[in-house]
Amino acid sequence: MGTYIVRRLLQAIPMLLLVSIALFALVNIAPGGPMSAYSRTNRMPEEKKEEIRRKFGLDKPLPVQYVVWLVGNDWMQIDTDGDGISDGNGTRLGILRGDFGFSYKTREPVLALIADRLPNTVYLMFFTLLFTGIVAVPVGVISAIKQYSGFDITATTLSFMGQAIPEFWLGLLLILLFYGTLDNPFTGEALFPSGGMQTLGAEFSILDRARHLFLPVLMGLVGWVAWYSRFLRSSMLEVINQDYIRTARAKGQTEQKVLYKHALRNALIPLVTMFALDFPYIFTGSLYAELLFSWPGMGRLFYNAATSRDYPILMAILIIGSGIVVLSNLMADIAYAYLDPRVRYE
Amino acid sequence: MNSNENPLGKINNKPVRPPETMTTLAWKRFRRHPGAVAGSIILTLLILMTVFAGLSPYDPEVSDIKNRYQAPSLEHPFGTDGLGRDLLTRTLYGGRVSMSVGLMVVGITLSIGVPIGSIAGYYGGWIDNVLMRVIDATLSIPSLMFLILLAAILREAELPFVKGNSVMTIAVVLGVLTWPTVARLVRAVFLTVRETDYVKAAEALGASAPRIILREILPNGFGPIIVESTLGVGYAIMEESGLSFLGFGIMPPTPSWGNMLNNAQEHLSTYPWLAIFPGLMIFLTIISVNYIGDGLRDALDPYKILGKIE
């Protein structure tokens, strides 16, 4: 197992390098490339543009720029004031040493911006996933145990609907219903707020936070529950038909114990794997939910950066995101081998 | 000999029916899947409506300021938008855009995914290794964010065919993310079939590699490829709407379901019909496509087909 993990980690290195090269190339094929963020207004004189280009090393060939982006330029002489003469060491450490540069727009370090937004995204995703589990597990299990019952058919149909409904449209409908139409009968205000993490100017209270969480969580929940409940249903159905379940019944185990001790525990194994694969969403968050409900998280940070072509932010989120995806895939495999002793990796 | 007699004769006094082809059996199974049948009917209707969108008396892009924000009525069944344009007409034209994006994405996906998957699966070795790493790398980038970055960049890039926020640009953007799934699927088919005896026999008879790939192995993957392509249309329509909704997809005045929803946000509570109808169309299209895909998966599953032969 140990060698397997090491080998997988080693395999991840060229893959992430590939991702970084692809992203770097991509950002640089747009006309103007990263420069377009500076020279939005065409009034900037050509000499000034040239100076910026030299200052940020954008006049160097792309492979050199890539290497600098990757490992920094503190070990080489660069032109710090843009006058065309190399006059000192650079200050960039490169993404490999955790330096993702500065936002073009606000000049803040990208990592600080991410650190600022990440907790909010994790917060929202935590509740979304928590309630996904609370709803999806019983629905999936009951659907499987009572296959083709009224409950199962309803749940399966709803799950098809949940997978087909566009998340952003669902969000609009929820705002329409809970903010636009329904009012709180006691206060006469809208039943749920349409955005933000808490009421402006109000003290933090659990009730207020819950009210603000309700709509974005509900919006994210639908697709997840639809997917996970169907997945657990088929996993459970598969397990129920296994020999060891028949053995448990033949031994005279109660049906309760057969289903929950023998069947469910095994049916949950693929679900754990699936969850490990979905783990990166905790970092990237739900872009639509964050935008529609003005939730100040990673999705919104990315979206705003994309509209203002703030490439350092975009690259940082995508690269870190890919890294998390790669690690999650590995975690999924390890979890699978750990939970299901029949699985062996070499 | 009586001419009416069954040419295949009788066994145990029962007439022997001519053997049914796999296609007939699959079609029989497909027809028994209620969701797939309902989905096919609804999708056919939706396609017909968008194809004949030109019959509408209104123009999708010409504004009529006197008739802004009209609620749904007989004259304007879906109401009108902020520029007085008939929403039903725009929704139908938007459907053309969304459905053509869906089909083009599948076209791109298949034309990249099938050859790459075949090559990786057939030749194996270092070719397979390199191609699989590229696939893993592509799939490891968070998808929606990657789509946004691609769309933001490609619409500015000066490439042949891919210009601005055209249908082609969006299809290419989505295609970049969807081909790896098909490639993996095709590769898996090749890995299972490559070592079978009939492939070995074909090799022994001196069949060329292209012939073995195209005629002997690839047809085994038709079932899963058809299912994946069907579901791919739905996925592409969903992502295109999402991108257009975010302002990175099809740009107004060209209507698309996504950009119509973006437009609807501003006056959501006052003019809810702006948001309800385009979203409903996305929903209906995707649920139909998904049910058809589900029906096809059941119908084309060789074990299930054979199970029906008693």
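Let's start by walking along chain B from its beginning: the sequence order of its elements is β-β-α-α-α-α-α-α-α-α-α-α-α-α. In other words, chain B holds 2 strands and 12 helices, with the strands coming before the helices in the sequence. Keep in mind as you look around that this is a predicted model.

Now step back and take in the overall extent of chain B. Its C-alpha trace covers about 80 × 60 × 30 Å along the principal axes. Chain B has 310 residues, and 49% of them count as buried. How much of the contact pattern in chain B comes from residues 24 or more positions apart? Among contacts with a separation of 6 or more, such pairs account for 69%.

Next, turn to the surface. Chain B exposes about 15,100 Å², and 64% of that area is supplied by carbon and sulfur atoms. As for charges, chain B carries 24 positive and 24 negative ones, and the mean positions of these two groups are 7 Å apart.

Chain A can be explored through its domains. Domain 1 of chain A runs over 35–103, and domain 2 over 114–339. Where do these two parts lie relative to each other? Their C-alpha centres are 42 Å apart. The two domains do touch: 8 residues of domain 1 of chain A are in contact with 11 residues of domain 2 of chain A. Between these domains of chain A, about 770 Å² of area is buried, with carbon and sulfur atoms giving 61% of it.

Methods
Residues are numbered from 1 along each chain as its sequence is written. Chains are lettered from A and ligands numbered from 1 in the order in which they are written. This is a predicted model: local features need pLDDT of at least 70, side-chain atom pairs count only at pLDDT 80 or more; totals for chains, interfaces and linings use all residues. Side-chain values use heavy atoms; hydrogens and water are left out. Helices (H or I, at least four residues) and strands (E, at least two) are DSSP runs, numbered from the N terminus. Buried means under 20% relative accessible area, exposed over 50%, partly exposed in between (1.4 Å probe, protein chains only). Contact means heavy atoms within 4.5 Å. Accessible areas come from the Shrake-Rupley method with a 1.4 Å probe; for residues, only the protein chains shown count as cover. Lys and Arg count as positive and Asp and Glu as negative; His and the chain ends are not counted. The place of a charge is taken as NZ of Lys, CZ of Arg, CG of Asp or CD of Glu. Domain bounds come from an automatic or database domain assignment. Buried area is the accessible area (1.4 Å probe) that two parts lose on being put together, summed over both.
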